[in-house]
Amino acid sequence: MLILHDETTLLHDTVELLGAKLIPAQESPARIKAIVDAVKHSGNHELRTISASEEDQKTTIALAKANHKPEYIEHIQNVFSQWLKEGLVEAHESVLPECFRLQNVANAKLRPPKDIYARAGYYAFDMSTGISKNSWQSIVASANLAVQAALLMAEAPTNSKNPFQQNSPKLKSVLALCRPPGHHCTGSQAGGYCYLNNIAITITTFRQFTHSQRLRRPSNPNFASVSTLKFAILDLDFHHGNGTQEQFYMDPTVFYTSIHGQDEFPYYTGAASEQGPSNSPAFGTNLNLPLKTGSSFEEYLAKLHIALSAIQQFGADHLLVSLGFDTFHTDPLGKFQIETQDYKVMAKTVRAMLKNLPAVILLEGGYVVDRLGENLLSFLAGWEE
Ligand code: SP5
Ligand code: ZN
């Protein structure tokens, strides 16, 4: 497997409120270090360490604006330095929200508070999404990994500056070691350790840069923004990807399916009844498969078969996998009975049922740091590429 990594993703280092305690965030730089070490030692995979150029960063931010409000992006980028300047935070500390956005306020127009301290709560929905001094750099580096993964798969034109494209014209899948993860944040609220939706940014990249896509509609003046490509998202993180679901809920060209802990974080989404807007072409393009706390791998596999059959029926051009290892039996945030060898079966099952579907795999959660490496290697062994 070709694996993309950027050391800048290690800079983001923050705190979270978990169980009434303010602790170092479980979503830590050590997670990626452990994975990178394991991949290097295995010798079975091609690890490419990249670094986003200024141009890459600009492109990534522009692509992110298709999925997030510009003022939200601006907030995430600048809030730490604004707090620092005002003496609200010290250089080694993190921005955390104080007062969250009110919902359904009668007769009030919802707008960002003038107070920069209060604004942190307008643009977040929980307290596991702190912003440290270098968070922004990691957030952009993480999203850029998703962009580069898409460019690699998108058969970009040969005059593209994409350095990988010439090397791998027949690439079938790529894994990006994104950190921070992306599937929980919404268009204007960070949450669940997520700031930019890396999966949504991947899809935007495909839509804008796929060469064959452009060729298909050469006479259409808007051809670059008109996409006939279809995408299937398979969310294997323990938690429901509320942000990803929301981004594509109305979109009939994107199928989202998720297997996740029932009634677990993020608590308000993930029910099987969320199937897409009724009486619209997008109805049926959202498939939530909640699983009870303590479920076995057998029960998990039954749901996986349902998810994969639905993807087969949808008939996507690309598969996107939100890969989380918080389904592991000892994960502090997950509650399934899944063990290291099961990840191999999981990946094998995906490949067996979705043959030849090109895939971009993005890392989401997984918090047992000293087992992450072997769990990922097990998954990749089952994927066989
Ligand atoms: C990407 C990802 O996996 N994000 C998950 C973030 C989950 N954060 C909140 C978990 C809440 C668990 N509640 C624990 C109560 C105290 N023990
Ligand atoms: Zn998770």
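Me: Which residue forms a salt bridge with R207?
Reply: In this predicted model, R207 pairs with D251, and the closest N and O atoms are 2.9 Å apart.

Me: Where do R207 and D251 lie?
Reply: R207 belongs to helix α6, while D251 sits in the loop between α8 and β7 (254-261), so the salt bridge ties together parts that are 44 residues apart in sequence.

Me: Is D251 buried or exposed?
Reply: D251 counts as buried because its relative accessibility is 16%, and the limit for that class is under 20%.

Me: How many salt bridges does the count come to?
Reply: The count comes to 8 salt bridges.

Me: Which residues are joined into one network by salt bridges that share partners?
Reply: That network consists of E27, R31 and R179. E27 forms a salt bridge with R31, with the closest N and O atoms 2.6 Å apart. E27 also meets the side chain of R179 in a salt bridge, at 2.7 Å from N to O.

Me: What parts of the chain does the pair R179 and E27 link?
Reply: The pair links distant parts, 152 residues apart. R179 is in the loop between β5 (173-176) and α6 (198-209), and E27 is in the loop between β3 (21-24) and α1 (29-42).

Me: And are those residues buried or exposed?
Reply: R179 and E27 are both buried. The relative accessible area of E27 is 2%. R31 is buried as well, with a relative accessible area of 0%.

Me: Changing topic to the metal: what coordinates the zinc ion (ligand 2)?
Reply: The zinc ion (ligand 2) is coordinated by D237 through OD, listed twice, by H239 through ND1 and by D326 through OD, at 1.9 to 2.8 Å. Along the chain, the donors follow the spacing D-x1-H-x86-D.

Me: Where do H239 and D326 lie?
Reply: H239 lies in the loop between β6 (231-235) and α8 (242-248), whereas D326 lies in the loop between β9 (318-323) and α10 (340-353). The two residues are 87 residues apart, and the pair links distant parts of the chain. Both H239 and D326 are buried.

Me: How many residues surround ligand 1, and which are the closest?
Reply: Ligand 1 is surrounded by 15 residues, the closest being H184, G192, H239, D326 and Y367. H239 and D326 are thus among the closest residues to ligand 1 and also among the donors to the zinc ion (ligand 2).

Me: What polar atoms lie by the nitrogen and oxygen atoms of ligand 1?
Reply: A nitrogen atom of ligand 1 is 3.3 Å from an N or O atom in the side chain of H184. A polar backbone atom of G192 is 3.0 Å from a nitrogen atom of ligand 1. On the side chain of Y367, an N or O atom is 2.6 Å from an oxygen atom of the ligand.

Me: Which side chain has a polar atom 2.8 Å from the backbone nitrogen of G192?
Reply: That is the side chain of D126. D126 is placed in the loop between α4 (116-122) and α5 (135-153). The side chain of D126 also makes a polar contact, at 2.7 Å, with the side chain of T129.

Me: What is the nearest side chain of opposite charge to D126?
Reply: It is R101, which is 12 Å away; D126 is buried yet has no salt bridge. Leaving out residues up to four places away in sequence, D126 touches P97, F100, A190, G191, G192 and F265.

Me: Next, S142: where is it, and what does it touch?
Reply: S142 is in helix α5 and counts as buried at 1% relative accessibility. Beyond residues up to four places away in sequence, S142 touches T9, C178, R179, P180 and N198. One of these, R179, also takes part in the salt-bridge network with E27 and R31. The C-alpha atoms of S142 and D6 are separated by 7.5 Å, although the two residues are 136 residues apart along the chain.

Me: Lastly, where does G270 lie?
Reply: G270 lies in the loop between β7 and β8 (286-291) and is buried, with a relative accessible area of 4%. G270 touches H240, H260, N288 and P290, not counting residues up to four places away in sequence. Its C-alpha atom is separated by 23 Å from that of V360, 90 residues apart along the chain.

Technical notes:
Residues are numbered from 1 along each chain as its sequence is written. Chains are lettered from A and ligands numbered from 1 in the order in which they are written. This is a predicted model: local features need pLDDT of at least 70, side-chain atom pairs count only at pLDDT 80 or more; totals for chains, interfaces and linings use all residues. Side-chain values use heavy atoms; hydrogens and water are left out. Helices (H or I, at least four residues) and strands (E, at least two) are DSSP runs, numbered from the N terminus. Buried means under 20% relative accessible area, exposed over 50%, partly exposed in between (1.4 Å probe, protein chains only). Lys and Arg count as positive and Asp and Glu as negative; His and the chain ends are not counted. A salt bridge is a side-chain nitrogen of Lys or Arg within 4 Å of a carboxyl oxygen of Asp or Glu. A polar contact is a pair of N or O atoms within 3.5 Å; within protein, one must be able to donate a hydrogen and the other to accept it, and residues adjacent in sequence count only if both atoms are side-chain atoms. Contact means heavy atoms within 4.5 Å. Donors are N, O and S atoms within 2.8 Å of the metal (3.2 Å for Na, K and Ca); water is not among the atoms, so sites may look incomplete. A residue is near a molecule or strand if one of its heavy atoms lies within 4 Å of it.
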